[in-house]
Structure formats: structure tokens, C-alpha cells
Amino acid sequence: DYPFTTLVPQLGVVADGPLSDPFVLADLPGLIQGAAEGAGLGYQFLRHVERCRVLVHLVDLSGGTAAYDPDGADLESLADAGAELAALEGELGAFDPELLERRRLVVGSKLDAALPARRESLRAAARARDLPYLEISSVTRDGLEALRHALRSELAAARADSARADAEAADARSAAWPTPPHLQQSAAEARGEGEGE
């Protein structure tokens, strides 16, 4: 049993080596039900998540402390890691629905202490949302390399999405505000397309 949560945002730089393109990873405090209305760390968390291009939903596969107290745990709800993912999405969507449109990964943590039913529940929830699913263990370091590569790939795709959206917005602005005729003529002359040339 090793429950934990991040209490304050932490930033770290991830690089595969001295010549790789590094990226910043933000470890943000865990969300609880009602965070969008200010419960728990609430807005303190959600303010930081707005700045992230790719979101990683980290869900405990071990069931937390409830898994070690079967008499006090509702085993059916304990097995439903997908419900925890849904609760997280509900809080993000209540704060800003655009957050759910960003690129996302679902990651099951504590693989070394995972309950099989929680693994299957989370895997099925990720599949239903068409989101990439990975599993990691910080203790044994299983899956960390795959997670780093998946993050790098999703970040590259997010950057390409952003560049494409910027180009489309620029084209839309150009179409909405056509170049005045007197400037079109100047541009044609600058290209050498004027009369007598």
C-alpha cells in the first residue's frame, strides 16, 4: 500500500539525451469530485491544466487503500477504474469543455499492485473513448519508456494540429478581409506583372 497524490504542481524537463528535443512535463494535483466548483484543490489544479497541450489521465490500478480493507470496501465500485476516468472527465468538462478536445492519454499506474478487474475496466474505458492506453509502475519502472515515447508522439501531433489550425485561421482572416484593389495592384507591380513588363 503506497497511496500518494501530488499536492502542488511540479514541472520537470524530459529529454532522451543531450541532442534530443526536450519537453516540459507538469505533474498536477489529483482531481476529486466537485473540483470544478472549488472542492479540494479545485481551481488551483484546473488553472494549470489549461496550459497543457496533451493531457495524461493517471488512474491508480491498485484500488488504493480500499483494496487493503475488503471489509470496508465496496468491491464492485473498487473494480470500476473506468468510473474514476469518467469522474475526472466530468470535472475537466465542467471547468472547460475544450480540455476534453485536446490530445489525451490514459495511463494506469501502480501496475506492480494492479487488480485485474481495474486493469480491464480502465482499458475498456480508454478503448471506448478511442484514447491511447498505457500502464506503468514507478516502483519497477515498467512502461515508463513507452510512456515517454507516447508523450513525445502526442506532443508532435499536437504541435502539427496547432500549426494547421493557425494556417486555417489566417486563411479565414484573409478571405474575410480581401486585399483592397489599390494594394493588389501594388503587389502585382512588385512581382513584375505591371503593364509593359
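How much accessible surface does the chain have, and what share of it belongs to carbon and sulfur atoms? The accessible surface comes to about 12,200 Å², and 54% of that belongs to carbon and sulfur atoms. Please keep in mind as you look around that this is a predicted model.

Let us start with the overall plan. The chain contains six helices and five strands. If you walk along from the N terminus, you meet these elements in the order β-β-α-β-α-α-β-α-β-α-α. Of the 197 residues, 30% count as buried. Take the contacts between residues at least 6 apart in sequence: 69% of them join residues at least 24 apart.

Now turn to the strands, with E4 as our guide. Strand E4 covers residues 103–109. On one side of our tour is strand E3, residues 54–60, which runs parallel to E4 and is joined to it by seven bridges. To find this pairing in the model, look for Val59, which stands opposite Gly108 in E4. E4 also pairs with strand E5, residues 133–135, in the parallel sense, here over three bridges. A handy landmark for this second pairing is Val106, which stands opposite Tyr133 in E5. How does the chain get from E4 to E5, and through which helix? The path leads through helix H4, residues 116–128, and this β-α-β crossover is right-handed.

Why is E4 largely enclosed by the rest of the structure? Six of its seven residues are buried, so the strand is largely enclosed by what surrounds it. Val107 gives you a closer view of its contacts. Leaving aside residues up to four places away in sequence, Val107 touches Val56, His57, Leu58 and Val59. Its list of contacts also includes Leu122, Leu134, Ile136 and Leu147.

Val107 also belongs to the largest nonpolar core, which has twelve residues in all. Among the other members are Val14, Phe23, Val54, Leu105, Leu134 and Ile136, and Leu147, Ala150, Leu151, Leu155 and Ala158 are part of this core too. Strand E4 and helix H5, residues 144–176, each supply at least two of the core residues. H5 provides the largest share, with five residues. Before you finish the tour, look for a second, separate core: nine residues make it up, including Leu85, Ala125, Ala126 and Leu131.

Technical notes
Residues numbered from 1 in each chain as written. Predicted model: local features only at pLDDT ≥ 70, side-chain atom pairs only at ≥ 80, totals over all residues. Heavy atoms only, no water. Helix = DSSP H or I, 4+ residues; strand = E, 2+ residues; numbered from the N terminus. Buried < 20%, exposed > 50% of the residue type's maximum accessible area, 1.4 Å probe, protein only. Contact = heavy atoms within 4.5 Å. Areas by Shrake-Rupley, 256 points an atom, 1.4 Å probe, with all protein chains shown as cover. Core = buried A, V, L, I, M, F, W, Y, C linked by side-chain atoms within 4.5 Å. Pairing = 2+ DSSP bridges. Right-handed = clockwise from strand over helix to strand, strands pointing away.
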